[in-house]
Amino acid sequence: MRLNPARRPLLPRLLLGLIALFVLIQLVPYGRAHANPTVQAQPRWDSPQTEALFTRACADCHSHATVWPWYSNVAPVSWLVQRHVDEGRSRFNVNVPGYGRDADEAAKEVRSGGMPEPTYLPLHPTARLSAQEKEQLAAGLEATFGGEREGGEGEGR
């Protein structure tokens with residue numbers, strides 16, 4: 001006795017549909033252009049600690065030294081990773097002259113918790129900084145790129 005296709009259990013069909021969708025989205029080309037452009041500028045870091053904290057927590061999106069993990073090739077996660085890198089490089093990039101329009105805001109973003117983005121940390125657990133490391137990074141970014149401390153004047157580069 002054959003079952004009517006309409007009476008087949010829903011879960012296996014739904015699972016098969018999700019697998020098919022996952023395979024199809026792999027064909028979307030966005031998120032696989034893993035180029036690291038040529039370095040045009042290099043900051044004079046205020047200290048090796050600032051450079052190390054920046055490299056650990058920020059460089060994947062705010063430099064031309066992005067490390068592309070394996071999951072950056074698998075959609076839809078690849079789309080999120082590519083968006084992080086594209087947005088990060090467009091706003092603040094230590095490897096372009098002038099460092100980008102938000103370089104002087106970097107310390108404020110770290111102090112306020114605006115950086116890193118909440119969707120970044122699950123994909124990059126090594127970027128998680130303690131409160132002390134965040135303050136060290138913010139102070140170092142401020143010393144390196146200038147910026148505004150609360151209640152104070154901004155410094156030049």
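Start with the salt bridges: there are seven, counting a side-chain nitrogen of Lys or Arg within 4 Å of a carboxyl oxygen of Asp or Glu. What you have open is a predicted model, where local features need pLDDT of at least 70 and side-chain atom pairs count only at pLDDT 80 or more, while totals for chains, interfaces and linings use all residues. Residues are numbered from 1 along each chain as its sequence is written, and side-chain values use heavy atoms, with hydrogens and water left out.

**Stop 1: salt bridges**

Select Arg56 and Glu133. Their side chains meet in a salt bridge, 3.0 Å from N to O. This one ties together distant parts of the chain, with Arg56 in helix α2 and Glu133 in helix α6, 77 residues apart. (Helices here are DSSP runs of H or I, at least four residues, strands are runs of E, at least two, and both are numbered from the N terminus.) Arg56 is partly exposed because its relative accessible area is 33%; on this scale buried means under 20%, exposed over 50%, and partly exposed in between, with a 1.4 Å probe and protein chains only.

Now pick Arg111 and Glu142. Their closest N and O atoms are 3.5 Å apart, which makes a salt bridge. Again the partners come from distant parts of the chain: Arg111 sits in helix α5 and Glu142 in helix α6, 31 residues apart. Is each partner buried or partly exposed? Arg111 counts as partly exposed, at 30% relative accessibility, whereas Glu142 counts as buried, at 8%. While you are at it, highlight Arg83, Glu87 and Glu117, which salt bridges with shared partners join into one network.

For one more pair, select Glu105 and Lys108, whose closest N and O atoms lie 3.0 Å apart in a salt bridge. Glu105 is partly exposed at 26% relative accessibility, and so is Lys108, with a relative accessible area of 42%.

**Stop 2: the whole fold**

Zoom out and switch to cartoon. You should see six helices and zero strands, in the order α-α-α-α-α-α along the sequence. Of the 157 residues, 36% count as buried. Take the contacts (heavy atoms within 4.5 Å) between residues at least 6 apart in sequence: 73% of them join residues at least 24 apart.

**Stop 3: helix α6**

Select residues 131–145. Why does the length of this helix look right? At 1.5 Å a residue, counted for one less than the number of residues, its 15 residues should span 21 Å, and the end C-alpha atoms are 21 Å apart, so the two agree. Colour Leu137, Ala138, Gly140, Leu141, Glu142, Thr144 and Phe145, which are buried. Show α2 (48–57) and α5 (106–112) too, since both are among what covers those buried residues. Step just past the helix and you reach Gly146, with a positive phi of about 85°.

**Stop 4: the core**

Next comes the largest nonpolar core, a set of buried Ala, Val, Leu, Ile, Met, Phe, Trp, Tyr and Cys residues joined through side-chain atoms within 4.5 Å. Which of its 28 residues touch the most other members? Select Phe54, Phe92, Leu137, Leu141 and Phe145. Two or more core residues come from each of α2, α3 (59–62), α4 (77–91), α5 and α6. The largest share, four residues, is from α6.

Centre on Phe54. Beyond neighbours within four places in sequence, Phe54 contacts Trp45, Ala59, His62, Phe92, Val94, Leu137 and Leu141.

Then hop to Phe92, in the loop between α4 and α5. Phe92 is buried, at a relative accessible area of 6%. Draw a distance to His62: the C-alpha atoms are separated by 5.7 Å, although the two residues are 30 apart along the chain. Leaving aside neighbours within four places, the contacts of Phe92 include Phe54, His62, Tyr99 and Phe145.

**Stop 5: out to Leu80**

Leu80 is in helix α4 and counts as partly exposed, at 26% relative accessibility. Setting aside neighbours within four places in sequence, Leu80 is in contact with Thr119 and Leu123. The C-alpha atoms of Leu80 and Thr119 are 8.4 Å apart, with their positions 39 residues apart along the chain.
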